[in-house]
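Colleague: I would like to learn how to read a model like this one. Could you take me through it step by step?

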Amino acid sequence: MFPEANKGYSYEDCKATADWLLAQTDVRPTVGIVCGSGLGGLADMLKDQVAFNYKDIPNFPQSTVHGHAGRLVFGTLKGRPCVCMQGRFHLYEEQFAVKSITLPMRIFKLLGVETVMLTNAAGGLNQDFKVGDIMIIKDHLNMPGFAGNNPLSGPNDERFGVRFPCMSDAYDRELQQLAMDVGQELGYGDFLREGVYCVLGGPSFETIAECRMLHKLGADAVGMSTVHEVIIARHCGMRVFALSLITNQAVMDYDSEEKANHEEVLQTGRQRAQQLERLVSTMVTRIEHNNNYA
Ligand SMILES: O=P(O)(O)O[C@H]1O[C@H](CO)[C@@H](O)[C@H]1O
Ligand SMILES: Nc1nc2[nH]cnc2c(=O)[nH]1
């Protein structure tokens, strides 16, 4: 499913994969997009597509989760060259996978990507949030990281970045503001939020006590992805924008009959897909037009 432990992750391996891809397409992407659960439609927005199944790409992991197609799509979005992961990898898909799930970020970097835009489906912990809200991520809590499960653990290759990267500026503030501005213009003000995303290892959803604890700790939404990719993307100097679609309310109350489930997650994704695609595609256009954002 994933490349063998410690195989396929060196700078040379990543470069070989990037060079292989660059030899198959004329697209030279400067924006990389990652589609969350049920949000794969973002990739369909790309024009003049050149698409690869993950299984055909050297060193690439394979998607195993329903709602993650497993294709790397190159193309243009309103004239801007992009690459899009239609399907991402999660910590729970294989034990000790924190390096393989983040590998595509290093390949993005070596393809020439400058800005990464990540999306995910998440459970809402903030009691003001509703299902269908879009949360611009301003910061994160890396729970697996507290236990030493950080994608940068192990030897550091300075060709990618420094040993101790700063994370207080992980989420680009100009891009957060751009998302707010674009969202307001598109009339999304009623369901556009900002907040802190907390990553857990999954795949089990949270208990009621866990949701209450995470909320008290300052998390507005909880999921099982994104943070590891953000760490690797920032380590190698790419700008990061990330958003969560609040696909379900985290259950915080012992009287509640609600139960988190993946079908609801995918269903909410389908309902908000078009607006989310418009938000991301309009942002990409502005990144191109305002060089101060690029
Ligand atoms: O984060 P994405 O990939 O959107 O997926 C989210 O949805 C799945 C649970 O329904 C989990 O994998 C969670 O992380
Ligand atoms: N951990 C977690 N991941 C999610 N992804 C979508 N919804 C949820 C949720 O409630 N919890």
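**Reading the ligand shells and the fold**

Modeller: Begin with the shell around ligand 2. Three strands, β5 (115-124), β8 (221-223) and β9 (239-249), each give at least two residues to that shell. Keep in mind that this is a predicted model.

Colleague: Which element gives the largest share of the shell around ligand 2?

Modeller: β5 does, with three residues.

Colleague: How many residues surround ligand 2, and which are the closest?

Modeller: The shell has 15 residues. Ala121, Gly123, Gly223, Ala260 and Val265 are the closest.

Colleague: How do the residues of that shell divide into nonpolar, polar and charged?

Modeller: For ligand 2 the split is nine nonpolar, five polar and one charged.

Colleague: Now ligand 1. How many residues surround it, and which are the closest?

Modeller: Ligand 1 is surrounded by 13 residues, the closest being Gly36, Ser37, Asn120, Met224 and Ser225. Two elements, β5 and α8 (262-289), give two or more residues to this shell. So β5 should be read with both ligands in view.Colleague: And how do the residues of the shell around ligand 1 divide?

Modeller: Four are nonpolar, eight are polar and one is charged.

Colleague: Next, the record. Which residues does UniProt list for "binding site"?

Modeller: The unreviewed UniProt entry lists Ser37, His68, Arg88, Phe89, His90, Ala121 and Ser225. A list like this should be checked in space as well as in sequence. Here the residues are spread over 189 residues of sequence, yet they cluster, with a largest C-alpha distance of 13.3 Å.

Colleague: Let us take one of them. Where is Phe89?

Modeller: Phe89 sits in the loop between β4 (80-86) and α3 (103-111).

Colleague: Is Phe89 buried or exposed?

Modeller: The test is a neighbour count, and 20 or more other C-beta atoms within 10 Å make a residue buried. Phe89 has 30, so it is buried. Leaving aside neighbours within four places in sequence, its contacts are Pro61, Ser63, Ser100 and Ile101.

Colleague: Where is Ser225, and what does Ser225 touch?

Modeller: Ser225 is in the loop between β8 and α7 (227-235). Ser225 counts as buried because it has 29 C-beta neighbours inside 10 Å. Not counting residues up to four places away in sequence, Ser225 touches Gly36, Arg88, His90, Asn120 and Val199. Two of these partners, Arg88 and His90, are also in the UniProt "binding site" list.

Colleague: Does the record mark a domain too, and where does UniProt place it?

Modeller: The unreviewed entry places "domain: Nucleoside phosphorylase" at residues 30-284. The end C-alpha atoms of that span lie 10 Å apart. Its content is 28% helix and 26% strand.

Colleague: Step back to the whole chain. How many helices and strands does the protein chain have?

Modeller: Eight helices and nine strands. For compactness, set the radius of gyration beside the globule rule. The radius is 18 Å and the rule gives 19 Å for 294 residues, so the chain is as compact as a globular protein of that length. Along the principal axes, the C-alpha trace spans about 55 × 40 × 35 Å.

Colleague: What share of the residues in the protein chain is buried?

Modeller: Buried residues are 46% of the 294. Contacts tell you about the fold as well. Of those with a separation of 6 or more, 82% join residues 24 or more positions apart.

Colleague: Which residues have the most contacts inside the largest nonpolar core?

Modeller: Ile33, Cys84, Val116 and Val222 do, in a core of 78 residues. α8 gives the largest share of this core, seven residues. Take Val116 as a case. Beyond four places in sequence, Val116 is in contact with Gly32, Met105, Phe108, Ala233, Met238 and Val240.

Colleague: Last, the backbone. Which peptide bond is cis?

Modeller: The bond from Gly202 to Pro203 is cis, with omega near 0°. Pro203 is in the loop between β7 (192-199) and α6 (208-216).

Colleague: What is phi of Asp48, and where does Asp48 lie?

Modeller: Asp48 has phi near 50°, a positive value in a residue other than glycine. Asp48 lies in strand β2 (residues 47-53). With 11 C-beta neighbours inside 10 Å, Asp48 counts as exposed.

Colleague: And what is phi of Asn59?

Modeller: About 70°, a positive value although Asn59 is not a glycine. Asn59 is in the loop between β2 and β3 (71-77). Asn59 is partly exposed, because 18 other C-beta atoms lie within 10 Å.

Notes: Residues are numbered from 1 along each chain as its sequence is written. Chains are lettered from A and ligands numbered from 1 in the order in which they are written. This is a predicted model: local features need pLDDT of at least 70, side-chain atom pairs count only at pLDDT 80 or more; totals for chains, interfaces and linings use all residues. A residue is near a molecule or strand if its C-beta atom, placed from the backbone, lies within 6 Å of it. Helices (H or I, at least four residues) and strands (E, at least two) are DSSP runs, numbered from the N terminus. Ala, Val, Leu, Ile, Met, Phe, Trp, Tyr, Cys and Pro count as nonpolar, Asp, Glu, Lys and Arg as charged, and the others, Gly among them, as polar. UniProt positions are given in the numbering used here, feature names are shortened, and annotations may be inferred rather than shown by experiment. A residue is buried if 20 or more other C-beta atoms lie within 10 Å of its own, exposed if 12 or fewer, and partly exposed in between; C-beta atoms are placed from the backbone. Two residues are in contact if their C-beta atoms, placed from the backbone, lie within 7 Å. A nonpolar core is a set of buried Ala, Val, Leu, Ile, Met, Phe, Trp, Tyr and Cys residues joined through C-beta atoms within 7 Å. The radius of gyration is taken over C-alpha atoms; the globule rule is 2.2 Å times the number of residues to the power 0.38.
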